[in-house]
Amino acid sequence: MSFMKNSKDKMKKISIIIAITITLFIINIFWSTGYFRIIENKFEGEIFKKINIVGAEDITINHIDSFAIISSTNRKSFPPKTQETGGLYYINLKKIDSEPILLTKGFKKPFAPHGISIFKKDSITIIAAVNHTMENEYIEIFKLIGMKLNHVKTLDNPMISSPNDVVLINENSLYFTNDHKYKDGILRLAEDYLGLPISNVVYFDGLKFKEVASGIPFANGINYDFNKELIFVASPRKFYIKVFKKNNDNSLSFIEDIYCGTGVDNIEFDIDNKLWIGAHPNLLHFNSYSKGNNEFAPSEIISIKYIEKNNYIKENIYLEKGQTMSGSTVAAPFGDFILMGNVMDDHFLILRK
């Protein structure tokens with residue numbers, strides 16, 4: 001009898017420990033994804049204009065020539081069930097009230113652009129765009145001369161496995177992020193909910209692909225500070241901006257993680273090289289919205305003035321519950337204006353500071 005009682009007591013204790021562990025695990029998921037964060041509207045500026053372009057997930061700006069390129073895809077849910085369609089748009093920021101111009105009207109292959117990057121060489125602007133198709137994942141390279149966009153080539157390689165964002169270093173080379181290692185199944189869910197650090201950054205030198213950073217939970221937005229020779233990578237699942245030094249051989253040396261308290265997405269720079277980041281303050285809410293199960297998801301913009309390691313200034317610029325625009329992914333500054341894009345709304349916003 002004593003043996004039976006001891007066995008039952010032991011099993012009871014094990015059951016209690018398992019129950020506590022599971023409870024703490026679930027609480028941690030909710031806590032680490034911003035579920036308990038209180039969202040109150042905050043912005044000291046005004047909404048200047050709404051632009052009717054659907055799913056303007058990434059926006060980047062040529063500050064010298066004063067124009068913006070917008071990556072637009074008509075998204076219904078993540079992951080897509082059918083081939084999505086989209087395009088690249090041009091906005092003349094000298095005439096910010098002017099209508100956007102679709103540049104990829106003559107592009108014939110399936111095109112659902114995601115992250116984009118531009119690089120100016122003389123009078124030509126090189127554009128790189130992540131392209132998600134039902135067949136495969138690609139990076140498309142274009143040349144913009146005046147208002148004419150020419151497709152140069154398609155980068156197709158097994159290392160372009162789950163591309164999210166891209167940054168051009170010159171007319172031939174670039175870095176890009178893969179936000180997942182697994183396409184689907186339980187391991188894909190584990191990446192999303194457990195924040196498994198198994199996504200990466202890949203470098204392309206014009207000929208060869210090479211992994212240059214790994215062990216990142218959901219590598220997302222990426223950008224390059226040419227003055228400081230620093231690569232910044234967003235890891236929204238951990239609320240980090242990861243900082244790397246770009247070495248002479250184009251490898252990356254990790255410097256530090258900047259905790260941002262929000263699900264950081266695409267990264268843009270202003271003319272003073274301050275980082276501007278669109279973000280998701282509640283990742284679970286955003287996940288439900290991106291699957292089409294929720295009408296709204298909160299939007300946020302933060303900025304970071306990065307000086308050196310352990311020396312930076314972070315500022316919260318904009319926060320709202322999502323009724324004005326849901327699921328902010330990018331904040332591209334231009335003078336007194338901020339172009340704020342999103343995943344799947346039918347419009348994006350131009351804010352005035």
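These legends describe close-up views of a predicted model.

**View 1. The second largest pocket and the residues around its centre**

The second largest pocket holds about 690 Å³ of space. Its lining has 30 residues. Closest to the centre are I61, H63, I118, F226 and F269. Several strands give two or more residues to this lining: β2 (56–62), β6 (113–121), β10 (163–168), β14 (222–225), β18 (263–269) and β22 (328–334). Which element gives the largest share? Strand β6 does, with 5 residues. By class, the lining of this pocket divides into 16 nonpolar, 9 polar and 5 charged residues.

**View 2. The salt bridge of R352 and E46**

How many salt bridges does a search of the whole structure find? The search finds 10. One of them joins R352 to E46. The closest N and O atoms of this pair are 2.8 Å apart. R352 lies in strand β24 (residues 348–352), and E46 lies in strand β1 (residues 46–51). The two residues are 306 residues apart in sequence, so the salt bridge ties together distant parts. R352 has 32% relative accessibility and counts as partly exposed. E46, at 38%, also counts as partly exposed. Both values fall between the cut-offs of 20% and 50%.

**View 3. The salt bridge of D97 and K49**

The side chains of D97 and K49 meet here, with 4.0 Å from N to O. D97 sits in the loop between β4 (86–92) and β5 (101–102), while K49 belongs to strand β1. The pair links distant parts of the chain, 48 residues apart. Is each partner buried or exposed? D97 has a relative accessibility of 52%, so D97 counts as exposed. K49 has a relative accessible area of 17%, so K49 is buried.

**View 4. The salt bridge of K109 and E140**

K109 and E140 form a salt bridge through their side chains, at 3.1 Å from N to O. K109 is found in the loop between β5 and β6. E140 is part of strand β8 (residues 137–145). In sequence, the partners are 31 residues apart, and their salt bridge links distant parts of the chain. K109 is partly exposed, with a relative accessible area of 27%. E140 is at 0% relative accessibility, so E140 counts as buried.

**View 5. A nonpolar patch on the surface**

Which residues make this nonpolar surface patch? They are L189, Y193 and L194. The area of the patch is about 250 Å². L189 has its place in helix α2 (residues 185–194). The relative accessible area of L189 is 46%, so L189 is partly exposed. A residue needs over 30% to join a patch, and L189 passes that cut-off.

**View 6. The largest cavity and its lining**

Rolling a probe the size of a water molecule over the atoms shows where empty space is left. In this model, the count comes to 1 cavity of 30 Å³ or more. The largest cavity has a volume of about 40 Å³. Which residues line the largest cavity? The lining is made of I141, K153, L155, L168, E171, N172, L174 and F204. By class, this lining has 5 nonpolar, 1 polar and 2 charged residues.

Technical notes:
Residues are numbered from 1 along each chain as its sequence is written. This is a predicted model: local features need pLDDT of at least 70, side-chain atom pairs count only at pLDDT 80 or more; totals for chains, interfaces and linings use all residues. Side-chain values use heavy atoms; hydrogens and water are left out. On a 1 Å grid over the protein atoms alone, a cavity is a set of points where a 1.4 Å probe fits but cannot get out, and a pocket is an open set with protein on both sides within 12 Å along at least five of seven lines; lining residues have an atom within 4 Å of a point. Grid points are joined across faces, edges and corners, and a volume is the space filled by probe spheres set on the points. Helices (H or I, at least four residues) and strands (E, at least two) are DSSP runs, numbered from the N terminus. Ala, Val, Leu, Ile, Met, Phe, Trp, Tyr, Cys and Pro count as nonpolar, Asp, Glu, Lys and Arg as charged, and the others, Gly among them, as polar. Buried means under 20% relative accessible area, exposed over 50%, partly exposed in between (1.4 Å probe, protein chains only). Patches are made of residues with over 30% relative accessible area and no salt bridge: like charges are joined within 9 Å, nonpolar side chains (Val, Leu, Ile, Met, Phe, Trp, Tyr) within 5 Å. Accessible areas come from the Shrake-Rupley method with a 1.4 Å probe; for residues, only the protein chains shown count as cover.
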